[in-house]
Amino acid sequence: MLTVNACTLEARVVDITTLAVDAIVNAANTSLLGGGGVDGAIHRAAGRDLLRECEMLGGCATGDAKLTHGYRLPAKHVIHAVGPVWRGGAHGEADLLASCYQRSLEVAREAQCRSIAFPAISCGIYRFPADDAVRIALATVLDTLPRAPNIEQVVFACFDDAMFARYEAELKRRQAPPSKPA
Ligand code: AR6
């Protein structure tokens, strides 16, 4: 766990659909009409009304994020972010992934959310290298938090132990005091 100003950041091995936070972030696609992975799990848990609201949003660009209600989820809202498909790294993938985290926090701020949970966007079906994705996720959230002062809790929801270990290592690295000059 890392505390920055009044906000705690933590990684947990958990199914994101079970979290009673103000907003969970979905790793969606540009259609916003559902899919596999965490997107499928969120739509299944939220029920058909989520799809009906998504149908009215007109899709979402890669790197952007849009808000819906949470319906049958314990979370109040879903923020649908569209991560990049990994195509080797020379197609702006890192910037697009960072944009997902930044835009999600901006949307959460506008919706007056105090707690938010992220999955490892693009790290499944979209094949983004996980170590790089975790570094980008942490760095972007820490950069953006000062502009989202209502956010008090950020959870990185990990589906397995390997992903959890990556977040833990990155959180610890950022917690370490600066080394003293020799
Ligand atoms: N809770 C937390 N994390 C999960 C869950 C869950 N219930 N289920 C999967 N993960 P992915 P992407 C993890 O593939 O790579 C969909 O079809 C998973 O282990 O869900 O951004 C969309 O419609 C991985 O670490 O998202 C898009 O077409 C992470 O969530 C496409 O997949 C993201 O994996 C998006 O692909």
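These legends accompany close-up views of a predicted model.

**View 1. The largest nonpolar core and the residues at its heart of contacts.** Let's start inside the protein, where the largest nonpolar core brings together 39 residues. The members that touch the most others are Leu9, Ile116, Phe118, Ile151, Val154, Phe156 and Tyr167. Strands β2 (7–13), β3 (23–28), β5 (77–82), β6 (115–118) and β7 (153–158) each supply at least two residues of this core, and so do helices α3 (93–110), α4 (130–144) and α5 (161–175). Helix α4 gives the most, with 8 residues.

**View 2. The surroundings of Tyr167.** Here we zoom in on Tyr167, one of the core members that touch the most others. Leaving aside neighbours within four places in sequence, Tyr167 is in contact with Ala11, Tyr101, Pro119, Ala120 and Val134, and also with Ala137, Leu138, Phe156 and Cys158.

**View 3. A second core.** Apart from the largest core lies another, made of 19 residues. Val21, Ile24, Cys54 and Val82 are among them.

**View 4. The ligand and the residues around it.** Now for the ligand, which has 22 residues around it. Those that come nearest are Asn29, Gly36, Val38, Asp39 and Ser122.

**View 5. Backbone polar contacts to the ligand.** A nitrogen atom of the ligand lies 3.0 Å from a backbone N or O atom of Ile16. Two backbone contacts involve ligand oxygen: a polar backbone atom of Val38 is 2.8 Å from an oxygen atom of the ligand, and a backbone N or O atom of Gly124 also lies 2.8 Å from a ligand oxygen. Taken alone, the ligand exposes 700 Å², and the protein buries 90% of that area.

Definitions and conventions
Residues numbered from 1 in each chain as written. Predicted model: local features only at pLDDT ≥ 70, side-chain atom pairs only at ≥ 80, totals over all residues. Heavy atoms only, no water. Core = buried A, V, L, I, M, F, W, Y, C linked by side-chain atoms within 4.5 Å. Buried < 20%, exposed > 50% of the residue type's maximum accessible area, 1.4 Å probe, protein only. Helix = DSSP H or I, 4+ residues; strand = E, 2+ residues; numbered from the N terminus. Contact = heavy atoms within 4.5 Å. Near = heavy atom within 4 Å. Polar contact = N/O pair within 3.5 Å; in protein donor to acceptor, adjacent residues only side chain to side chain. Areas by Shrake-Rupley, 256 points an atom, 1.4 Å probe, with all protein chains shown as cover.
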